[in-house]
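Visitor: Please take a close look at a single part of the backbone, and then work outward from there to the packing, the ion pairs and the contact between chains. I would like one connected account rather than a list.

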Amino acid sequence: MPKYKYLGKATQKVDALERVTGKAAFGADIHLPGMLHGKVLRSPHPHAIIKAIDYGMALKLEGVKAVVTSKDLPSLEDARASFGGEVSIDQEHLRKLFLAHDKVLFEGHPIAAVAATSLEIAEQALELIKVEYEVLPPVEDAFKAMQPNAPLLHPYLYPKTLGQKPKNPGNVATIMFHERGDAEKGFAEADVVVEESFETAMVHQVYIEPQVDAAQVEEDGKVTLWTANQGIFNVQSQLSSILNIPLGSINVVPMEIGGGFGGKIITYVESLTIMLSQKAGRPVKMVMSREEVFKATGPGSPGYFTIKVGAKKNGKITAAYIKMIHDCGAFPGGPTPMASLVSFGPYNIPSIKVDGYDVVTNKPRVQAYRAPGGTPVNFSVESTMNVLADKLGVDPLKFRMQNYAKEGDYMVNDQRYNRIGVKAVLDRVVSSSHWNTPWEGPNRGRGMALGFWIGAAGTSSALVLINSDGSATGVSGQVDLTGTRTSTQQIIAEELQMPLEKVNVKVGDTDSTPYTMGSFGSRTTYSFGTAVYRASRDALAQMKARAATQLKVNPEDVEYAEGRFWSKKDPEKAVSWNEVARSTITRGEGVVTGRGTVTGLGHAPEFTAQIADVEVDPETGKVYVKRFTAIQDAGLAINPMQVEGQIQGGVTQGIGWGMSEYYYYDKGKLRNASFLDYRMPTSLDVPMIDIEIVEVPASEGPYGVRGVGEVSIVPPPAAIAEAIYRATGVRMNKLPMTPEAVLWAIKTKDKEREPVAANGDS
Amino acid sequence: MRLFEFAAPKSLEEAYKILSRADADVRALAGGTDLIDQVHQGRRKPSIVMDIKGIPEMKRLAFDREGLHIGAGASCTDIYNFPPVKKNYISIAESAALVGSVQIQNRAGIGGNICNAAPSADTAPSLIVHNARVVIAGPKGQRVLPIEQFFLGPGQNAMAKDEILLGIVVPPPPASSASHYLRFIPREEMDIAVAGVASMVVIDPKSKVCKTARIALASVAPTPVRAKDAEAVLEGHVINEALIREAGEKAINAAKPITDVRGSIEYRKELVKVLTRRTLTKCLETLGNR
């Protein structure tokens, strides 16, 4: 008999009908009486001092109701809070990010915002605002930023470091050194040492729905904000802090969200919308355009890596070194700490040394992008491992079988792994039909790579209300980004042993639900699922107590199954769940509300192995991904269909990252801020992505569930790069691996292989 | 986006009246897949957007002794599904089926594609190798231009402010001829050519000598261009592997590309070479199969 009745099943999405009928209300569906439309004036320059802003003409345009600039910002009482989880940003910089103060630091940096009675009037008003700039040379990339004479973005910036603080300010925001074991000794013991360098590009999450919100500020200063962010309480605390409004005076209402991938944790237009509504005394709505989204929200960080790995002849790794530089855009806070953790995560390596740098440049400030920092570093490390395996003469899979990490081994940050599934995913590769089906012929190759993501846990809360008809309602402020309502329904049904259709799920606003962290960091099903589990158990315990009273037995003597309570001692003594539920609104101890909350679960690490088959057109360099399999440890897949969907989405984004997506900058200006020239893969560019779910239960939390949302994006570029190598003999060490890049690499290799003409004779 | 006046004339006379308005900056709208985006982005700020799809002549699709008549408002889907196009103008059918995506092809047509005058327009090289003529009309009358004279530069065509495109006429293809179009895009759909090549060859069935060769390139110059050096390599000869390779090399002479996000100068030239070879090979295959 299966262990669970409702878990591990592809139940229908709770919100499936409203989605397919178009009834689901997204941010752009908000319409309020008297609502104004907001638009943002943005800097055309990547780096400039704002000398003066004159918006007098704009205010005179009929229909314009308010204009705001940084002069309208309230003063702050306590500075230095920080936000945003894995790629966090501090309060001062978040304020400067959403509205430039004295300086613009990237093309598209907001300078002023206008609220008007129509969008067209707001747009016209922007043209009437005069800004006087002193244009400065842009700092175009991390290397240029680190040069001694580079222009400074922030004249006050000194690196965060445990080492010695430099004498002068610079563009380096963080310096990270770390060593575990003795790397020098480890390399000395190695028989083979390889060193490779890599470069990856700035990419965007490209959620389909642009940032959108509406704000209504009441006469007493209370704010209602409708927004499509990944976390309503995160929005509440950010806005409270940067706009100096009491937290309890801001009610954040979640709308359906059209994708986030880490890019909708930090607020952008929300603060401007509130400031405009405060000034205009009317509700204001703001919708970003795609161009604005590309230029002025938070893309994923580009990285530069040098990796060195040594191994014995028998294939055992002895030491590894990584130097990484992350370009974090206009303000400090890049993915270096997370990237260092991901780097050698799948391996058991006795000594590891890490040098990391986060550097500021005149680009939009980076944010989290699905396993933030994971994909670039994994591409670099896994590619290096493949070079090493090649040198040692072992195939990449065998090499990994010799070196994988297991429970009790150290992570790069000196913590030990709890139960993990690296071996389980590798074993599945060995037995998979993909790995065992030959992929031969000219210009064809197969690659594989491992991926790791640590996953977050955090604080979560949920309520389970028992209604008088015996049905249950799960209530929380957990934004449903990835099917949370559906897994919540499954958990409640499982614990209360009631049919799915008797369980309703409601996502409420910050005024009416208990605090819960946002939906990010692979934490939702793991941590929030734990809160739902606890709330369900609490509701059941309370129901048992009420049944005990009615049955006149001790609560511990009450048994429950499938809608029926009975006495352990006298099974004939029984009362139905519905009867007990009905009685709660009229007598006894009253209504039942199950409460569940959780903080500080341990990690539930995610591991994956992915296999890619490619075919390369040697004359154009175009790479066709013909087959792809992702094998992932989900701990327990509460809803396998949703898990598969998550993994397919992550792999698709990883393929885009690896092959076609990048920010194309020219003198600090973005030249491809549109879907035409920022090339996400279309459905025709990815093959069917086969999923194999492996279930190694996590050490903590109910059911052994692990987060599944992020790791799938980590290894696709590495797996594809290896496949390209097997197909063509060229190693691609730079992302994206565009057709042009692949073609030139092939041509360079062919030239090197041309026999040198003998002199005269023959 | 600036507000504009919208007009939907039901006849050419009505359209000419609108075009004659002195103060008006009229843009004709067929599928609108380029224009709407341009207006949205503020790249074009017309005072009148005039939908021409309600004018019967604009939807014309016919094949007669004069050749193929394509009304300026005919959609790509209608065009490539028109049997005479499938049969006689393979290159035109192929390029119409490449514009944008299936959804876009249901709206967009060849008329709009050429009026937009993007150097990358997929249908332009095919029309050039097929010797197409454009019919331009306005309050002052009609005129006909060879398609090669229609493109003046990126976004610029040979029509005056008060003229609109009525349609395109493509002469019947010569006997024993074949044409093909190939373009290169990094993706499989929803993309713009990094380079595109159309080739048309006429082969004497007995001697196998190439009587005529026409090769035209997209996306590698400010306008679509003929690759005359490559054509000269082939004409008067029996086309073989070596000549195809040479034609590929010579086609590069006509390419004056730029480096941008879609590709570098060198890459585009390389693609011209490869695509020229591949289209010529396909033409020979088609003729061999007939």
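**From one loop outward**

Guide: Gln497(A) sits in the loop of chain A that runs between helix H15 (484-496) and strand S21 (503-507). In this predicted model, Gln497(A) has a positive phi of about 50°, although Gln497(A) is not a glycine. Most residues other than glycine have a negative phi, and most peptide bonds are trans. The second half of that statement leads to another loop of chain A, the one between helix H19 (716-728) and helix H20 (739-753), where Pro736(A) is found. The peptide bond that joins Leu735(A) and Pro736(A) is cis, with omega at about -5°.

From the loops we can turn to the packing of helices. Helix H3 (residues 91-98) and helix H7 (residues 232-243), both of chain A, pack at an angle of about 90° with their axes 10 Å apart, which makes H3(A) roughly perpendicular to H7(A). On the side of H3(A) the contact is made by Gln91(A), Leu94(A), Arg95(A) and Phe98(A), and on the side of H7(A) by Gln238(A), Ser241(A), Ile242(A) and Leu243(A). Sorted by class, the contact of H3(A) with H7(A) consists of four nonpolar, three polar and one charged residues.

Next come the ion pairs, which number 57 salt bridges over all chains by the rule applied here. One of them links Glu292(A) to Lys39(A), where the closest N and O atoms are 3.6 Å apart. Because Glu292(A) lies in helix H9 (residues 290-296) of chain A and Lys39(A) in strand S1 (residues 36-42) of chain A, this pair ties together parts that are 253 residues apart in sequence.

The last step is the contact between chains, in which 25 residues of chain B meet 27 residues of chain A. Together the two chains bury about 2300 Å² between them, with 51% of that area on carbon and sulfur atoms. Within chain B, the residues that lose the most area to chain A are Arg187(B), Glu188(B) and Val261(B), which together account for 29% of what that side buries. Seven salt bridges are found across the interface of chain B and chain A, and Asp191(B) forms a salt bridge with Arg679(A) whose closest N and O atoms are 2.5 Å apart. Polar contacts between chain B and chain A come to 14 residue pairs, counted with both residues at pLDDT 80 or more. Helix H11 (residues 265-289) of chain B gives the most to the side of chain B that touches chain A, contributing seven residues, and the residues of that side divide into eleven nonpolar, three polar and eleven charged.

Conventions: Residues are numbered from 1 along each chain as its sequence is written. Chains are lettered from A and ligands numbered from 1 in the order in which they are written. This is a predicted model: local features need pLDDT of at least 70, side-chain atom pairs count only at pLDDT 80 or more; totals for chains, interfaces and linings use all residues. Side-chain values use heavy atoms; hydrogens and water are left out. Axes are lines fitted to C-alpha atoms, for helices over the stretch in contact, and angles run from 0 to 180 degrees between N-to-C directions. Helices (H or I, at least four residues) and strands (E, at least two) are DSSP runs, numbered from the N terminus. Angles under 35 degrees count as roughly parallel, over 145 as roughly antiparallel, 65 to 115 as roughly perpendicular and the rest as oblique. Contact means heavy atoms within 4.5 Å. Ala, Val, Leu, Ile, Met, Phe, Trp, Tyr, Cys and Pro count as nonpolar, Asp, Glu, Lys and Arg as charged, and the others, Gly among them, as polar. Buried area is the accessible area (1.4 Å probe) that two parts lose on being put together, summed over both. A salt bridge is a side-chain nitrogen of Lys or Arg within 4 Å of a carboxyl oxygen of Asp or Glu. A polar contact is a pair of N or O atoms within 3.5 Å; within protein, one must be able to donate a hydrogen and the other to accept it, and residues adjacent in sequence count only if both atoms are side-chain atoms.
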